[in-house]
Amino acid sequence: MKQVFHYFAPCPRGLETVLAQELAELGAQGVSSTDGGVAFHGDWALMYRANLHSRIASRILWRLAERSYRTEDDIYKAARALEWPALFDVSRTIKVAVTGVGCKLRSLDFIALKVKDAVCDAFRAACGERPSVDTATPDIRLHVFLTERQQTLYIDTSGEALFKRGYRRETGDAPLRENLAAGILRLTGWQLDEPLLDPMCGSGTFLIEAAMMAKRIAPGRWRHFAFERFTQFDAALWAQLKQAAIDAELAVSPAAIYGSDDTPAVLDAARANLAAAGVSDAVVLEEADALERNAPADSGVLICNPPYGIRLEEQAWLDALYPMLGHALKQRFAGWRAYYFTADLRLAKLIRLSASKRTVLFNGSLECRLFEYRMVAGSNRKSDAN
């Protein structure tokens with residue numbers, strides 16, 4: 001019988017439901033969503049697959065212990081009781097991160113220090129040496145999550161965050177994180193037989209994530225993971241799963257994916273990223289003003305992350321832009337579903353269209369909205385009374 005392990009996959013808030021669906025499709029059992037992530041369980045191979053294939057998770061954390069606590073010493077004892085030398089070699093560098101919701105203890109930094117001491121003490125007792133700490137690029141990351149009375153200790157199986165796919169060569173201003181873009185695409189319900197357009201494509205994140213989905217390219221296929229440094233790493237199993245993922249890739253995309261921007265340098269950055277991701281052939285790029293370009297098909301999905309203004313002059317420019325975006329949708333995109341992802345909550349009012357759906361999402365700590373507009377024959381324009 002295969003051994004069952006318990007995992008937790010954090011994700012951008014608002015994407016928990018689509019992440020739960022994705023993990024279930026990968027074979028996860030006991031899938032349970034909570035604010036900020038999804039708990040699940042399965043065997044060792046599932047953890048490998050989740051790291052390799054999840055487009056939405058930020059990390060895959062392996063739960064090592066869950067205990068009640070009252071004091072910092074309780075947390076130390078729970079960590080000290082684990083057989084750390086059985087998990088990774090003493091030569092590996094470590095980092096401990098602590099987060100808490102409702103925790104009454106005085107200092108999360110002090111708790112991180114206590115957990116680090118527990119790990120080092122376990123190694124000293126077992127082999128006379130202790131691992132070094134590296135807060136910048138550690139080999140092994142440990143995560144402690146505290147509620148008012150419960151502590152959970154995880155080891156990070158991913159290493160670098162999973163949104164760091166390894167393909168990005170060029171970035172624009174505040175590029176959208178890859179897993180957030182993938183989650184948004186899933187929220188739109190986009191299907192491969194529907195044309196997809198990003199008329200303000202920037203560095204191309206939406207386009208690349210869509211093209212990777214279409215060509216069945218695993219998002220983790222270019223990178224390494226922390227689990228490769230674990231003592232019980234199964235290199236043969238990992239090689240088999242990676243090869244299966246590569247064998248499943250499609251040479252030609254079945255989807256029609258289009259992108260445009262009005263700045264040549266931005267398009268050059270998008271092309272560099274598309275090439276690095278191996279999907280240049282799957283996306284049609286062109287220089288065009290979002291307000292003037294025509295729909296590339298009779299129906300499809302338009303996805304857009306418009307500029308976000310911080311300064312007053314930027315806000316004034318956006319005040320003028322949003323109504324023009326709404327007008328362009330009405331005039332040129334009848335039959336399309338349009339999705340605008342923005343942290344500027346004024347868009348809903350200024351675009352002068354009736355949103356059919358509003359989804360709350362978070363880009364880090366920044367509260368955002370994904371607005372859906374179904375452009376049907378007739379008028380979507382709000383009446384003056386609204």
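The following exchange goes through a predicted model, moving from its sheet to its helices and its salt bridges.

Colleague: In what order do the 7 strands of the open sheet lie?

Modeller: The strands are not arranged by their numbers along the chain, and their pairing is mixed. At the edges stand β10 (283-287) and β13 (357-363), each of which pairs on one side only, and the twist averages 20° from one strand to the next. Read across the open sheet, the order is β10-β9-β8-β11-β12-β14-β13.

Colleague: Do β12 and β14 run parallel or antiparallel, and which residue of β14 stands opposite Tyr340?

Modeller: In general, strands of a sheet pair through backbone hydrogen bonds, either parallel or antiparallel. Here, strand β12 (residues 336-342) is joined to strand β14 (residues 366-374) by 6 bridges, and the two run antiparallel. The residue of β14 that stands opposite Tyr340 is Phe371.

Colleague: What is the handedness of the unit made by β9, α8 and β10?

Modeller: The two strands, β9 and β10, pair in the parallel sense over 5 bridges, and Gly259 stands opposite Leu285 in β10. Helix α8 (residues 264-276) packs on the sheet, where it touches β9 (257-261) and β10, and its direction makes about 165° with that of β10. Taken together, β9, α8 and β10 form a β-α-β unit that is right-handed.

Colleague: At about what angle to β13 does helix α5 run?

Modeller: Helix α5 (residues 178-188) lies across several strands, namely β8 (196-198), β11 (300-304), β12, β13 and β14. Its direction, compared with that of β13, gives an angle of about 165°.

Colleague: Why can β11 be called largely enclosed by the rest of the structure, and how many of its residues are buried?

Modeller: A residue counts as buried when its relative accessible area is under 20%. On one side of β11 this holds for Gly300, Leu302 and Cys304, and on the other side for Val301 and Ile303, so that both faces of the strand are covered. The strand is largely enclosed by the rest of the structure because the number of its residues that are buried is 5 of the 5.

Colleague: Which residue of β12 is the bridge partner of Leu302?

Modeller: Strand β11 pairs with β8 in the parallel sense over 2 bridges, and there the bridge partner of Leu196 is Val301. Strand β11 is also joined to β12 by 5 bridges, and these two strands run parallel. In β12, the bridge partner of Leu302 is Ala338.

Colleague: Where do Glu209 and Arg165 lie, and how many residues apart in sequence are the parts that the pair ties together?

Modeller: The side chains of Glu209 and Arg165 meet in a salt bridge, at 2.9 Å from N to O. Glu209 counts as buried, with 0% relative accessibility, and Arg165 also counts as buried, at 1%. Because Glu209 lies in helix α6 (residues 205-214) and Arg165 in the loop between β7 (150-156) and α5, the pair ties together parts whose separation in sequence is 44 residues.

Colleague: Asp281 forms a salt bridge with Lys215; is Lys215 buried or exposed?

Modeller: The closest N and O atoms of Asp281 and Lys215 are 3.2 Å apart. Asp281 has 54% relative accessibility and counts as exposed. Lys215, at 6% relative accessibility, counts as buried.

Colleague: How many residues apart are Arg221 and Glu249?

Modeller: Their side chains meet in a salt bridge, at 2.9 Å from N to O. Arg221 counts as partly exposed at 23% relative accessibility, and Glu249 is partly exposed with a relative accessible area of 24%. The pair links distant parts of the chain, with Arg221 in the loop between α6 and α7 and Glu249 in the loop between α7 and β9, at a separation of 28 residues.

Colleague: How many degrees does the arc of the buried residues of α3 cover?

Modeller: In helix α3 (residues 72-80), the buried residues are Glu72, Ile75, Tyr76, Ala78 and Ala79. An α-helix has 3.6 residues a turn, so residues three or four places apart point the same way. The buried residues of α3 pack against β4 (61-68), α4 (108-127), β6 (140-146) and β7. They are on the same side of α3 because the arc they cover around the axis is only 165°.

Key
Residues are numbered from 1 along each chain as its sequence is written. This is a predicted model: local features need pLDDT of at least 70, side-chain atom pairs count only at pLDDT 80 or more; totals for chains, interfaces and linings use all residues. Side-chain values use heavy atoms; hydrogens and water are left out. Two strands pair if DSSP finds at least two bridges between them. Helices (H or I, at least four residues) and strands (E, at least two) are DSSP runs, numbered from the N terminus. Axes are lines fitted to C-alpha atoms, for helices over the stretch in contact, and angles run from 0 to 180 degrees between N-to-C directions. Contact means heavy atoms within 4.5 Å. A crossover is right-handed if, with the strands pointing away from the viewer, the path from the first strand over the helix to the second runs clockwise. Buried means under 20% relative accessible area, exposed over 50%, partly exposed in between (1.4 Å probe, protein chains only). A salt bridge is a side-chain nitrogen of Lys or Arg within 4 Å of a carboxyl oxygen of Asp or Glu. The arc is that of the directions from the helix axis to the C-beta atoms.
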